[in-house]
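Please look over the following model together with its sequence. The questions after it are meant for a first-year student, and each answer works towards the value or name that was asked for.

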Amino acid sequence: MDAGKLENILRRYDGSTHNLLQILREIQEAEGWISPESVTALEQALAVPRAKIEGVASFYAFLHLKPIGRYRILFSDNITDRMGGNQDLMARLCHLLWIEPGKVSEDGLASVDLTSCTGMCDQGPALLVNGHVVTRLDEARIETIAQLVRDQIPVEEWPAEFFQVEDNVQRRDILLGCEFEPGSALRALHARLDTDGVLASNTRSWREGLPRGLVGPATMLDEVKHANLRGRGGAGFTTGLKWEACRNAPLADGQDRIVVCNADEGEPGTFKDRVLLTSHADMVFEGMTLAAYAVGARRGFLYLRGEYRYLLDHLEGVLARRRRDNLLGHSIIGIPGADFDIKIHVGAGAYVCGEESALIESLEGKRGTPRNRPPFPVTHGYLEQPTIVNNVETFAAAALIALNGGEWYRNIGTSHSAGSKILSVSGDCERPGLYEFPFGVSVAEVLEACGAKDTQAVQVSGPSGFTIAAHEFDRKICFEDIPTAGAFMVFDKSRDMFQVARNFVHFFAHESCGFCTPCRVGTSLLKNLMDKLHNGQGSPYDFKEIEHLNHILQAMSHCGLGHSACNPVLDTIEKFRAAYDARMSHQDFTPAFDLDGALSQARQMTGRDDALAHFGAAHGELQ
Amino acid sequence: MEVVEKKKLKVATTSLAGCFGCHMSFLDIDERLFDLVELVEFDRSPLTDIKEVGKCDIGIIEGGLCNAENVHVLLEFRRQCKVLIAMGACAVNGGLPAQRNHLPLAEILSEVYLSSPGLGNGMIPNDPELPLPLNQVHPIHEVVKVDVFIPGCPPSGDAIWKVLTDLLSGQGPSLGHGLLHYD
Amino acid sequence: MTQTFTLDGQEIPFTPGQTIIQAALAAGVFIPHLCYHPEFKPHGSCKLCTVKVNGRHTASCTFKANTGLQVESNTEELNAERRTLVQMLFVEGNHFCPSCEKSGNCQLQATAYDLGMMSPHFDHFFPDRPVDASHPELLLDFNRCILCSLCVRASRDVDGKSVFALADRGIQSHLIVNAESGQLADTNVSVDDKAVQVCPVGVILRKRQGFVVPIGERTYDELPISGHVHGAVTLTEES
Ligand SMILES: Cc1cc2nc3c(=O)[nH]c(=O)nc-3n(C[C@H](O)[C@H](O)[C@H](O)COP(=O)(O)O)c2cc1C
Ligand code: SF4
Ligand code: SF4
Ligand code: SF4
Ligand code: FES
Ligand code: FES
């Protein structure tokens, strides 16, 4: 990379190591890889050891320290992509381009590989080409792509419809149905300060702990608490408590409070944050601003998953407009001291970075390894400063609460799950897309709405969530029954639930950060066992092994990824046992590798093909 | 007399891709071997010269799996023996031979027979009598279910004795500090 | 009044701020561990030190001691789980103890002995991890790296050098050194570095120093690793 270009990038990121990931991402985008020369230049410019730079770069799937081809094509490999035939499409493209999957073509032109779910499940199969998402793949699109690559047409000049991403909103409720006017929630809150008697008296009791003159922030906190808002990122933590803990955390000199919006949306089958950021970005940013006002933060980040890089310009545009309209910046809507601004950080292919402490590490420009907790982010988050991390939808809901009041909000949904939930519906149904329902909607109602037929199972909340079988379809989507981060993948009776679980296990093995022993090794062992069953080498022995690994992962892992890596296997074993029993091809232990295949290289080298050169009768087969 | 004979446990042993070190160690149980012979009767073993393994109570395997022949013998042992013991580092984790596993076999064969002077007259032996090497060396538990492991390179006579006597007395075999070692 | 918590039925005193493992080791009670080292900030990655605190699994090297905690450590259940973790570490790398210079002085091996590991149990990964012999005095045999990051922490925090770093992720995670060539010889490492001393296994080795200590006199020949706790050593000597 020429010095001028690099200087430019460095300047935009204040030449700070905390922006290392962003700097590396920009180099990757500009050059197609991160060359040793670029690393050397960074080493000098940032005064960080190159091993650290390489350590960070190699952590993220979309950054490359080796040339990866001028066209880097990654097929999304969620189970819904598989159901849409991504494997055949990928094989076809490889064939057309004369490429082996996972390898760069000899002329350095292209490489083709797999990547975790790209969040396009409602319009898949999908792929990424040099970071740009291509949706609705079919045979014809693959042929055209092969041609475009062979003709070396720059991705920017590819047909625009390839990159078309639809919102596919199928059912709107309070949030998606809100005609939100930018600034309206901030103004509504401000207007309510002196008039809302009930809340004002409520605030007095707990306001004591706060610095004087904070009636506005206290009111916002109170509204959110009164609304019973719970996080939409999966765990369902009470948002008001989180904000309050951050607000009350002591600040050292020179420290600020930080608001982070988690738009990593890495859980396969989830794509509602994509739509919120596409069509409701003002609500999300306004929610962040309200949060900042409530906790006393002046800096905010949106952590956008690398797969949604295509939204960056649009989001920067919204931020710029909000700055112009005094909805960001200094003295927001004229409230003295209400200062807040938002920066966008883009991820680079690491599901674990959705875990809030790993996300913070990543924001700091490091490898996305989950931290040891306590201390929690609310007291020691971004650069050790008090930080709240919330999901995109949580912030949008907070804006809605500021607009309409906590009392209004708490009366929607169920007693422990206030408000609505946006579900990302995909898989075997007529109308995939977003469905917003008040909490408490049953699985059956959602299936009815999306036009699902002959449904065998639904995976709620993604691979780390729950496999729901037909006899449970009257169960409800809410924190007291089936909590969810939003994914709702439908499988009809033609699907093999073992393959569903196996796909999920592959996902976890691919996304394990490698920090802790049980998950680093355990997810790979689990993957190998599922593959062993798949390859027809399974026996009851392997079944016991799977159960053992499940236990170790759950009990010993460092973070939620490892803890839930076995969920899909546990659930499918419990509810779809037949799919596993069908794979117990052997009664006795059978090797994971094919014995005859293990002689292949020797056969090839010796040219032998006699009976003893194979495993069979002559050698005494296993059983 | 016959009754006593029948009570003896039948034991078979073999060395696959091993160095006979473990068998030497086995003999190291010294005079206790006499006690052992009171309790057991040897079937196929380098100690007896019986070539085919018959129905046995205990099968003891030294060495890992390098070639087709090793696998063949191991499968035979697994079929015939009630309790299968992996004896020594090579049987337990592949040992020294497994250190070739990061190299493709094709590369090794051509290095040995085609590139280095003085061996195989520029040709990889293809005599059907010779067992073909496996792509990778495997410890035996990756191919059959193994019931008992005695690690060590070689395990000491004491360790082998302890495991066998534990087994003969119907206990789960264990090795404490000093007896349990991997080197 | 000193504060205490209960560990396997025994009262363990602690000073506020101490982790469970620190308090336990100070009281002479051994808890298995690999990535914990008293001189460095706890890392919490190997999970060997996992105990049950009030019934929940947690790493004792990162969990702060607190009055009244009920901690289980030396139980059949936990030791079996730890044994599984050690087996995972054995099959993840290439551990051929008979030809390893660290044998007898290795914490992984000694911990495996202590936990009664009779076999690696799982199928081996047999990864390809080339050795770095570039340095005149030091050898890096990555085949045995357990990714404890002690060398990373020591080099960065004590030596002020950052010779080592972790790269890649998941099962591909591995150690790299700070040189464009990727070779140790091209770093500013020195044999006196703390980073060179801390490796619990046989990765970072002094050349020509292998097997100098005869079998029988190596670190864990006499006493098992669980006996290498201050209090426990005293006990053994007295008895
Ligand atoms: C492996 C893993 C991945 C996660 N990914 C996401 C994610 O993509 N988006 C998200 O909002 N939360 C994710 N979470 C949950 C976050 O850690 C955190 O709980 C959440 O962002 C808090 O926001 P909320 O309270 O608004 O739900 C993930 C957690 C784990 C363990
Ligand atoms: S559980 Fe997995 S993802 Fe989480 S810290 Fe451990 S290795 Fe990393
Ligand atoms: S590092 Fe330890 S466990 Fe690994 S081979 Fe060496 S002595 Fe054995
Ligand atoms: S080289 Fe040694 S100290 Fe460094 S991470 Fe590997 S095992 Fe730990
Ligand atoms: S054959 Fe016994 S140790 Fe290798
Ligand atoms: S010693 Fe606690 S996790 Fe490694």
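Q: How many salt bridges does the rule find across the interface of domain 1 of chain C and domain 2 of chain C?
A: This is a predicted model, in which local features need pLDDT (the predictor's confidence in each residue, from 0 to 100) of at least 70 and side-chain atom pairs count only at pLDDT 80 or more, while totals for chains, interfaces and linings use all residues. Side-chain values use heavy atoms, with hydrogens and water left out, residues are numbered from 1 along each chain as its sequence is written, and chains are lettered from A and ligands numbered from 1 in the order in which they are written. A salt bridge here is a side-chain nitrogen of Lys or Arg within 4 Å of a carboxyl oxygen of Asp or Glu, and across this interface the rule finds one.

Q: Which residue forms a salt bridge with E39(C)?
A: The domain bounds, which come from an automatic or database domain assignment, give domain 1 (3-74) and domain 2 (101-223) in chain C. The closest N and O atoms of the salt bridge are 2.8 Å apart, and the partner of E39(C) is K194(C).

Q: What area is buried between domain 1 of chain C and domain 2 of chain C?
A: The C-alpha centres of these two domains are separated by 25 Å, and 13 residues of domain 1 of chain C are in contact (heavy atoms within 4.5 Å) with 16 residues of domain 2 of chain C. Buried area is the accessible area (1.4 Å probe) that two parts lose on being put together, summed over both. Carbon and sulfur atoms give 65% of the area buried here, which is about 1100 Å².

Q: Which residues in domain 1 of chain C lose the most area to domain 2 of chain C?
A: Three residues of domain 1 of chain C together make up 54% of what that side buries. They are L34(C), F40(C) and H43(C).

Q: How many residue pairs are in polar contact between chain A and chain B?
A: The contact takes 24 residues from chain A and 27 residues from chain B, and about 2100 Å² is buried between the two chains. A polar contact is a pair of N or O atoms within 3.5 Å, where within protein one must be able to donate a hydrogen and the other to accept it, and residues adjacent in sequence count only if both atoms are side-chain atoms. Between chain A and chain B the count of salt bridges is zero, whereas the count of residue pairs in polar contact (both at pLDDT 80 or more) is nine.

Q: Over which residues of chain A is the pLDDT below 50?
A: Chain A averages a pLDDT of 94, with 95% of the residues scoring at least 70. One stretch with 19 contacts in the model beyond near neighbours in sequence nevertheless has a pLDDT below 50, namely residues 195-213. Where pLDDT is low, the predicted coordinates should not be read in detail.

Q: How many salt bridges does the rule find across the interface of domain 2 of chain A and domain 4 of chain A?
A: The C-alpha centres of domain 2 of chain A and domain 4 of chain A lie 29 Å apart, and six residues of domain 2 of chain A are in contact with nine residues of domain 4 of chain A. About 460 Å² is buried between them, 79% of it on carbon and sulfur atoms. For salt bridges across this interface, the number found is zero.
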